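User: I would like to go through this structure step by step. Please keep the reasoning short and explain the terms as they come up.

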Amino acid sequence: MRFFIAKSLTSFFRFFADTFFAKRYGHRAVVLETIAGVPGIVAGMLLHMKSLRKMKTGYGPEIREMLAEAENERMHLMFFIEIAQPNLLERYLVLIAQFFFMAFYFVLYVLDYKTAHKMVALFEEEAVKSYTDYLALVERGHVENVPAPKLAIDYYGMGTGARLSDLIIRVRADEQHHSEVNHSYAAFSSPRPKPKKIRLGAGEPEGLR
Ligand SMILES: [Fe+2]
Ligand SMILES: [Fe+2]
């Protein structure tokens with residue numbers, strides 16, 4: 001059932017993306033990365049709040065993973081904004097999409113976090129496919145293989161001669177990682193690996209919990 005809901009939502013959003021952007025992959029990347037940065041920060045915040053509410057440790061690794069995902073997606077946006085400039089319509093679309101998608105994801109996560117993670121995992125699979133298509137266009141010469149932005153070269157530690165195709169390969173690997181993480185979070189049999197009650201002075205330092 002969860003998979004069905006997550007899959008339906010993914011197909012629904014994919015349909016809009018395909019209709020709106022068609023083969024304009026640079027623009028597609030810019031707009032969709034603004035959306036991709038939402039689930040991680042929402043999930044990270046909600047897990048953080050849950051840890052505060054329950055006064056339990058054990059959430060640290062997941063909180064950090066989710067916040068890292070959001071940060072990584074934000075960086076993807078910064079790379080592609082140098083490749084393709086969104087038009088005015090797309091900027092408004094981002095504004096509206098952020099408002100609705102953030103609210104939607106928040107509610108979904110509160111209602112059933114497993115479906116939420118499943119949906120993101122499937123989104124990420126779609127992102128992998130889209131970046132594969134984008135890469136094919138670049139490799140076939142339909143899209144100019146421009147030099148990669150300096151920001152991306154520094155972020156990934158690529159050589160100075162790195163091109164758009166190298167960037168797409170790195171970004172696609174990130175999306176694959178997000179997909180695997182979210183699939184695994186959606187598959188937990190119990191909500192979290194048994195959080196422990198906080199006992200001052202016991203166990204590992206707070207930073208590791
Ligand atoms: Fe991304
Ligand atoms: Fe992603």
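User: What should the 23 residues of helix α7 span at 1.5 Å a residue, and how far apart are its end C-alpha atoms?

Analyst: This is a predicted model, in which local features need pLDDT of at least 70, side-chain atom pairs count only at pLDDT 80 or more, and totals for chains, interfaces and linings use all residues. Residues are numbered from 1 along each chain as its sequence is written, while chains are lettered from A and ligands numbered from 1 in the order in which they are written. Helices (H or I, at least four residues) and strands (E, at least two) are DSSP runs numbered from the N terminus, and the expected span of a helix is 1.5 Å times one less than its number of residues. For α7, residues 164-186, the expected span of 33 Å agrees with the distance between its end C-alpha atoms, 33 Å.

User: Which helices do the buried residues of α7 pack against?

Analyst: A residue is buried if 20 or more other C-beta atoms lie within 10 Å of its own, exposed if 12 or fewer, and partly exposed in between, with C-beta atoms placed from the backbone. In α7 the buried residues include Leu164, Leu167, Ile168, Val171 and Tyr185. Contact means that the C-beta atoms of two residues, placed from the backbone, lie within 7 Å. The partners of the buried residues of α7 are α3 (60-80), α5 (113-139) and α6 (150-156).

User: Which residues have the most contacts inside the largest nonpolar core?

Analyst: A nonpolar core is a set of buried Ala, Val, Leu, Ile, Met, Phe, Trp, Tyr and Cys residues joined through C-beta atoms within 7 Å. The largest one here has 40 residues; α2 (25-54), α3, α4 (88-111), α5 and α7 each supply at least two of them, and the largest share, eleven residues, comes from α5. Leaving out residues up to four places away in sequence, Leu167 touches Phe79, Ala148, Ala152 and Ala162. The residues with the most contacts inside this core are Leu167 and Ile168.

User: Is α4 oblique or parallel to α5?

Analyst: Axes are lines fitted to C-alpha atoms, for helices over the stretch in contact, and angles run from 0 to 180 degrees between N-to-C directions. The two helices pack at about 130 degrees, with axes 5 Å apart. Angles under 35 degrees count as roughly parallel, over 145 as roughly antiparallel, 65 to 115 as roughly perpendicular and the rest as oblique. Therefore α4 is, relative to α5, oblique.

User: Which residues of α4 and α5 make this contact?

Analyst: In α4, the buried residues are Glu90, Tyr105, Leu108 and Tyr109, and they pack against α2 and α5. The contact between α4 and α5 is made by Tyr105, Leu108 and Tyr109 on one side and, on the other, by Tyr113, Thr115 and Ala116.

User: Is Ser8 buried or exposed?

Analyst: Ser8 lies in helix α1, residues 2-21. Its C-alpha atom is separated by 8.9 Å from that of Met119, 111 residues along the chain. Ser8 has 12 other C-beta atoms within 10 Å, so it is exposed.

User: Near what value is phi of Met55?

Analyst: Met55 is found in the loop between α2 and α3, and counts as exposed with 9 C-beta neighbours inside 10 Å. Most residues other than glycine have a negative phi. In Met55 phi is positive, near 55 degrees.
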